[in-house]
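Q: I'd like a close look at one part of this structure, the aromatic rings. Could you walk me through them in plain words?

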Protein chains: 2
Amino acid sequence: MNKVLCGVDIGGTKLSTALVDHNGRIIDKSVVYDHVNQPEDIFVEQVSLIIKALLRKNDLDESDILGIGIGCAGHLRFRDGTMITTSNLKGFKNYPLRDSIQSNFKVPVILDNDANAQAFGEFKFGAGKGSNSLIFMTISTGIGAGIILNHKLYRGITGTAGEFGHTIVNPDKDLLCTCGNKGCLMSVACGMALPYLFRQKIKEGKKTIINLPGDFDFSQVDGKFIKKGLDLGDPVCKEIIFDSGFYLGIGLYNIFQVFNPPLIVLGGGLLSWGDIYLEKIKSTFYEYARDMIYDPIEIVVSQIGADAGVIGAASLPLE
Amino acid sequence: MNKVLCGVDIGGTKLSTALVDHNGRIIDKSVVYDHVNQPEDIFVEQVSLIIKALLRKNDLDESDILGIGIGCAGHLRFRDGTMITTSNLKGFKNYPLRDSIQSNFKVPVILDNDANAQAFGEFKFGAGKGSNSLIFMTISTGIGAGIILNHKLYRGITGTAGEFGHTIVNPDKDLLCTCGNKGCLMSVACGMALPYLFRQKIKEGKKTIINLPGDFDFSQVDGKFIKKGLDLGDPVCKEIIFDSGFYLGIGLYNIFQVFNPPLIVLGGGLLSWGDIYLEKIKSTFYEYARDMIYDPIEIVVSQIGADAGVIGAASLPLE
């Protein structure tokens, strides 16, 4: 019998831990919200205890699981399992997160970037099943990505490869990204850019049909706000969706030129903007790529859905 | 004893064929200039005869060579050895170039993009010797590149991966690239952009100290023209070198974010602009990458030099 998979998704608001079967289905899951402000060693203890409790609850022993996969946003050094820096937790600067958790278990513990974990989950269980290679990109507050080449995650020397979100697509743009640069894909085309993009349109004199109070706090403009505007028929929200889709399309085109991949899988919250957004991404991609496509490239939406983070993490020991 | 290597570099003006030893040194070389306007079958015959004559001249038999590597600019499908399209030769649309040449030889014939061949040459014999992985980029009239990951060329599904030159770095730019798009790296930062960039500067009222006749033909502005201007202290030429270096620096930064590689090797004619150019490329790269570099990344100049094309091609059977 195949051993059970165990995944941990360290988010900025919730910590999800799940037992997952070899078809990528969740057997049992634990979600807690009190993990963020803990000192590092307490956090390690918390994660380890949650895993052990989940095993006990399901009448499983540590020897019944193949390994423990952990996904966390941020920069980490894959080869030694060090969390270099993450905005999801307090502290954790150059913290040996993998080895600390490993010290409580005998089965292998694997720590990777959350987007890498999701990419591998899609490859094993989702839209990438059956493909040799794919590029996964998740578009929500930020933009994360994972590169799978010949059945393996490509991570680079540190483990920070695949940061398409920080590639520069227009150095003349104004908004400063959290990376410290202007003009990267994240700063023009994802959730964190929306307050700026909306305010810019209003400043330029574009008319929104959304009733904005005089003291409107633009920082509340997020993906859901824009979606609501779209559903109301607001032209400003629609323009922002088109602008974002345009730059995402350019991002995919750049991926095509660099990787010439058979498959790109898109995930993340902004896809809830729907077909109008996805069509703009795709039409921009095809306008740029045109007759340079000699073998089919598929652009599809991720299939795993809400639990992609923890299922992806659980898939890591299968690599 | 190691078998001899044989390389063919199909350029737009010259056809170079060489026998190369296992240290990447040329044993003997043939260069001809009459290959471009031949019908496909005559060209295949010509290449085959040149290889055979070169072997005979050096008292070698086909069985003394490991294989024949062929490098050619353009788009080709690596897996079946088809030249899809190339601007270096007339015709050759979806032409089975590899198999046509293979039919005249028993040793394996390998056809690849010229930049891939150069990348592999640098990896085997040049600046990449001893490295596991590298990104090679050659900057001359166009921009070519090759990706080496874990000792192997990464080619993508068709064989067109690594086209960093066609990634969009500023969609607001005006110059149309040969690829049909505006704003790709090639259209802002290599030889083919120089006439446009120079004319733009003059249009903007920038003062050149170069004496331009009233009927000055801007199409003659090339890398050598700009270099001469630089040596004279011309501010317009210097600005163009800085602008090009800036975008190349962005190109390298994007490579860093996507591949997190240990090594980037730069080659090509525009490097003759010298330190002022290379320093601008590097300083831009480091301004963008800053504290996101957690493991050393080296940016070095290619070591193989003038014969990089044919030596790279010869290295292909070593993959």
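How many aromatic pairs does a search of the whole structure find over all chains?

A: Keep in mind that this is a predicted model. Searching the whole structure over all chains turns up 35 aromatic pairs. Let's take one of them: A:Phe198 and A:Phe218, whose ring centres are 6.0 Å apart with 50 degrees between the planes, so the pair counts as tilted rather than stacked (under 30) or edge-to-face (over 60). A:Phe198 sits in helix 5 (residues 194-203) of chain A, while A:Phe218 is in the loop between helix 5 and helix 6 (223-232), so this pair ties together parts that are 20 residues apart in sequence. And are these two tucked away or out in the open? A:Phe198 is buried, because its relative accessibility is 0%, and A:Phe218 also counts as buried, at 18%.

Now for another pair, A:Tyr253 and A:Phe256. Their ring centres are 6.3 Å apart and their planes meet at 40 degrees, so this pair is tilted. Both belong to helix 7 (residues 235-259) of chain A, and because they are three residues apart there, about one helical turn separates them. A:Tyr253 and A:Phe256 are both buried. They're also part of a cluster linked by ring pairs, along with A:Phe246, A:Tyr247, A:Phe285, A:Tyr286 and A:Tyr288.

Rings can have charged company, too. Over in chain B, B:Arg155 lies over the face of B:Phe78, 3.6 Å from the ring centre. B:Lys280 likewise lies over the face of B:Phe242, at 5.7 Å from the ring centre.

Notes. Residues are numbered from 1 along each chain as its sequence is written. Chains are lettered from A and ligands numbered from 1 in the order in which they are written. This is a predicted model: local features need pLDDT of at least 70, side-chain atom pairs count only at pLDDT 80 or more; totals for chains, interfaces and linings use all residues. Side-chain values use heavy atoms; hydrogens and water are left out. Rings of Phe, Tyr and Trp (its six-membered ring) pair if their centres lie within 6.5 Å; planes under 30 degrees apart count as stacked, over 60 as edge-to-face and the rest as tilted. Helices (H or I, at least four residues) and strands (E, at least two) are DSSP runs, numbered from the N terminus. Buried means under 20% relative accessible area, exposed over 50%, partly exposed in between (1.4 Å probe, protein chains only). A charge sits over a ring if NZ of Lys or CZ of Arg is within 6 Å of the ring centre and within 35 degrees of the ring normal.
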